[in-house]
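Colleague: I am new to this structure and would like to learn how to read it, one feature at a time. Could you take me through it slowly?

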Amino acid sequence: MNRKLIGLVPLAIFALLSVFLYQGLFGDPRELQTGRLGHPMPQFSLPDLMDENKVWTEQDLKGEVYLMNVWGTWCPTCIAELGYLTELKERGIKIVGLYYEQAYDPDFGDQFDVVKLREEVNNMLDRAGNPYAFNILDLERTLALDLGVSGAPETFLVDKEGKILVHHTGDVNPRVWRAKFAHVLQEITP
Amino acid sequence: MITRLRFVLGLCAGLFIATTNASVEDKYQFESKERAQTFAELTKELRCPKCQNQNIADSDAVVAKDLRDRVLTLVHEGKSKQEVIDFMIDRYGYFVHYQPPVTPLTVLLWILPGLIIVIGFGFIVVRQRKAAQAQEWTEADEKQLNALLEKYEQRGQQ
């Protein structure tokens with residue numbers, strides 16, 4: 001009896017290992033831990049993409065649940081998700097764009113042409129749908145760094161008090177929405 | 001002729017290496033050698049969140065450059081190495097540091113291999129001892145032996 005049990009030990013170890021490794025097959029290495037979950041939106045003071053005189057801070061965003069979507073016209077996946085984000089907006093979800101400028105690097109003496117960028121953004125949103133209540137221009141990517149953004153697209157769900165509840169890396173599509181966002185949003189909306 | 005060519009090529013290579021070294025040193029200037037050292041260590045230890053198996057010194061991703069620049073600013077401000085690492089972990093999670101913290105879960109990675117070795121050797125030793133023990137020859141053993149011998153002898157006669 002005892003001997004039989006001992007004989008089963010290698011099989012048990014093998015089974016456990018198989019389960020562990022099998023799960024690893026479906027893990028997404030880009031699904032990062034993020035340091036900002038459960039923390040408040042970091043302080044910032046950044047201009048509106050369409051109007052440099054309008055300055056947004058984290059205080060202006062309080063009082064409403066919203067999605068913050070990090071995007072750029074240079075990023076094909078961001079453009080692909082615009083359609084679905086527009087659908088979400090039509091369902092009454094507020095979406096704030098954080099414009100992530102990739103090419104600009106003052107160390108290399110780059111000139112930044114905001115007028116050209118506005119034109120480009122408007123063209124893009126006219127064609128693919130405009131889900132944004134407004135866009136914040138993060139030219140130096142400081143807010144992006146404070147949020148732990150590693151690229152675009154990335155999307156955050158933020159509650160009324162400004163607490164970050166979800167941080168998603170990659171595009172938002174119906175599957176991701178159901179799996180990561182919908183139930184969290186349902187919990188906080190009465 | 002060939003040796004001459006080699007000499008010229010070698011000279012060119014030498015010059016090239018000399019100039020690139022100089023430009024790296026010129027790019028970042030530090031108040032002290034310690035800070036330069038801290039910066040070099042940090043950029044090697046911090047992991048690029050985009051190009052996942054490169055450190056931020058190695059990677060050309062936009063985010064890696066942003067992290068490098070921020071590390072530089074923090075080092076210039078006189079922050080210690082640990083403070084900079086904490087700053088990055090706050091934002092990018094433990095992933096961003098190549099040395100993961102010891103937590104109840106990760107401690108398994110340290111303990112488990114040792115445990116497996118100890119159990120394995122223990123098993124061998126116990127088995128060895130059991131096998132080496134002298135066993136008494138009992139009446140029952142004698143009977144069983146005789147029965148078996150008889151059986152084989154019968155088979156041989158057939």
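Modeller: Let us begin with the vocabulary: helices (H or I, at least four residues) and strands (E, at least two) are DSSP runs, numbered from the N terminus. With that, Arg141(A) can be placed in the loop between S5 and H4 of chain A. This is a predicted model, in which local features need pLDDT of at least 70 and side-chain atom pairs count only at pLDDT 80 or more, while totals for chains, interfaces and linings use all residues. Residues are numbered from 1 along each chain as its sequence is written, and chains are lettered from A and ligands numbered from 1 in the order in which they are written.

Colleague: What is the phi of Arg141(A), and is Arg141(A) buried or exposed?

Modeller: As a general idea, most residues other than glycine have a negative phi, and most peptide bonds are trans. Arg141(A), however, has a positive phi, near 60 degrees. A residue is buried if 20 or more other C-beta atoms, placed from the backbone, lie within 10 Å of its own, exposed if 12 or fewer, and partly exposed in between. Arg141(A) is buried because 22 other C-beta atoms lie within 10 Å, whereas Gln111(A), in the loop between S4 and helix H3 (114–128) of chain A, is exposed because it has 6.

Colleague: Which peptide bond is cis?

Modeller: The bond from Ala152(A) to Pro153(A) is cis, with omega near -5 degrees, and Pro153(A) is found in the loop between helix H4 (142–146) and S6 of chain A.

Colleague: How should I read the sheet, and in what order do its 5 strands lie in chain A?

Modeller: Strands of a sheet pair through backbone hydrogen bonds, either parallel or antiparallel. Here two strands pair if DSSP finds at least two bridges between them. In chain A the order is S5-S4-S3-S6-S7, an open sheet with mixed pairing, and its edge strands, S5 (134–138) and S7 (164–169), each pair on one side only. Strands S3 (residues 66–71) and S4 (residues 94–100) of chain A run parallel and are joined by 6 bridges; Val70(A) has Leu98(A), in S4(A), as its bridge partner.

Colleague: How many residues of H5(A) are buried, and where is its kink centred?

Modeller: The count of buried residues among the 15 residues of H5(A) is 0, so to speak hardly covered. The bend at a residue is the angle between axes fitted to the seven residues ending there and the seven starting there, and in H5(A) a kink of about 45 degrees is centred on Phe181(A).

Colleague: Turning to chain B, what does its secondary structure come to, and which residues of H3(B) are buried?

Modeller: Chain B has 6 helices and 0 strands, and 14% of its 158 residues count as buried. An α-helix has 3.6 residues a turn, so residues three or four places apart point the same way. In H3(B) the buried residues include Leu67(B), Val71(B) and Val75(B). Two residues are in contact if their C-beta atoms lie within 7 Å, and the buried residues of H3(B) pack against helix H2 (33–45) and H4 of chain B. Just after H3(B), Gly78(B) takes a positive phi of about 90 degrees.

Colleague: Finally, how many residues does each chain give to the contact?

Modeller: Chain B gives 14 residues and chain A gives 13 residues. On the chain B side, helix H3 (62–76) and helix H4 (81–92) each supply at least two residues.
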